[in-house]
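Please open the model in your viewer, with selection by residue number switched on, and follow the stops below in order. Each stop says what to select and then what is to be found there.

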Amino acid sequence: MKTLIKKITHCRVCAKSNFTKVFNFGPTPLANEFLKKEQVDKEELFFPLEVYLCDNCFFLTLGHVVNPTILFGYYV
């Protein structure tokens, strides 16, 4: 099975690895992942939604990346 999520370890802008967590939205279902009537009783996937600040260049980024196959597999 493919990995569902990957934790960000380096800044996408400056490549440094010093982050400060600035906000945690908690476990969140995917956006635009609307359930059909027959799916309502099935378990829904939730993923961490945390915002981090790069201490070097001040870039804000999400702390985790969802596998694109899962994220866009049923994209509306």
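Begin by selecting I70, which in this predicted model counts as partly exposed because its relative accessibility is 22%, a value that falls between the 20% limit for buried and the 50% limit for exposed. I70 sits in helix 1, which covers residues 68-72, and, once its neighbours within four places in sequence are set aside, it is in contact with L4, L30 and F47. If you then add L53 to the selection and draw a C-alpha to C-alpha distance, you will find 26 Å between I70 and L53, although these two residues are 17 apart in sequence.

Keep L30 and F47 on display, since both belong to the lining of the second largest pocket, and extend the selection to the rest of that lining, namely T28, P29, A31, P48, L49, L62, H64, V65, V66 and L71. The elements that contribute two or more residues to this lining are strand 2 (19-29), strand 3 (46-54) and strand 5 (64-66). The volume of the second largest pocket is about 220 Å³, and if you colour its lining by residue class, you will see 10 nonpolar residues, 2 polar ones and no charged ones.

Next, select E50, which is placed in strand 3. Is this glutamate buried or exposed? E50 is buried, because its relative accessible area is 11%, under the 20% limit. Which side chains make polar contacts with that of E50? One is the side chain of K21, at 3.4 Å, and another is the side chain of Y52, at 2.9 Å. With residues up to four places away in sequence left out of the count, E50 touches K7, K21, F23, N24, T61, L62, G63 and H64, and of these, L62 and H64 are also found in the lining of the second largest pocket.

Follow the polar contact from E50 across to K21, which lies in strand 2 and is partly exposed, with a relative accessibility of 43%. Beyond its neighbours within four places in sequence, K21 is in contact with E50, V51 and Y52. A further distance to draw here is the one from K21 to G63, whose C-alpha atoms are separated by 8.3 Å although the two residues are 42 apart along the chain.

Now select the cysteines C54, C14, C57 and C11 and show their sulfur atoms. The sulfur of C54 has its closest cysteine sulfur in C14, at 3.6 Å, which is too far for a bond, because a disulfide requires the two sulfur atoms to be within 2.5 Å. C57 is likewise in no disulfide, the nearest cysteine sulfur being that of C11, 3.6 Å away, and by this rule the count of disulfides comes to 0. C54 is buried, with a relative accessible area of 0%, whereas C57 is partly exposed, with a relative accessible area of 28%.

For the last stop, turn to the backbone and select A15 and F58. A15, in the loop between strand 1 (5-7) and strand 2, has a positive phi of about 70 degrees although it is not a glycine. F58, in the loop between strand 3 and strand 4 (60-62), also has a positive phi of about 70 degrees without being a glycine. F58 counts as exposed, because its relative accessible area is 58%, over the 50% limit.

Terms used
Residues numbered from 1 in each chain as written. Predicted model: local features only at pLDDT ≥ 70, side-chain atom pairs only at ≥ 80, totals over all residues. Heavy atoms only, no water. 1 Å grid on protein atoms, 1.4 Å probe; cavity = no way out; pocket = protein on both sides within 12 Å on 5 of 7 lines; lining within 4 Å. Points joined across faces, edges and corners; volume = space filled by probe spheres on them. Helix = DSSP H or I, 4+ residues; strand = E, 2+ residues; numbered from the N terminus. Nonpolar A, V, L, I, M, F, W, Y, C, P; charged D, E, K, R; others polar. Buried < 20%, exposed > 50% of the residue type's maximum accessible area, 1.4 Å probe, protein only. Polar contact = N/O pair within 3.5 Å; in protein donor to acceptor, adjacent residues only side chain to side chain. Contact = heavy atoms within 4.5 Å.
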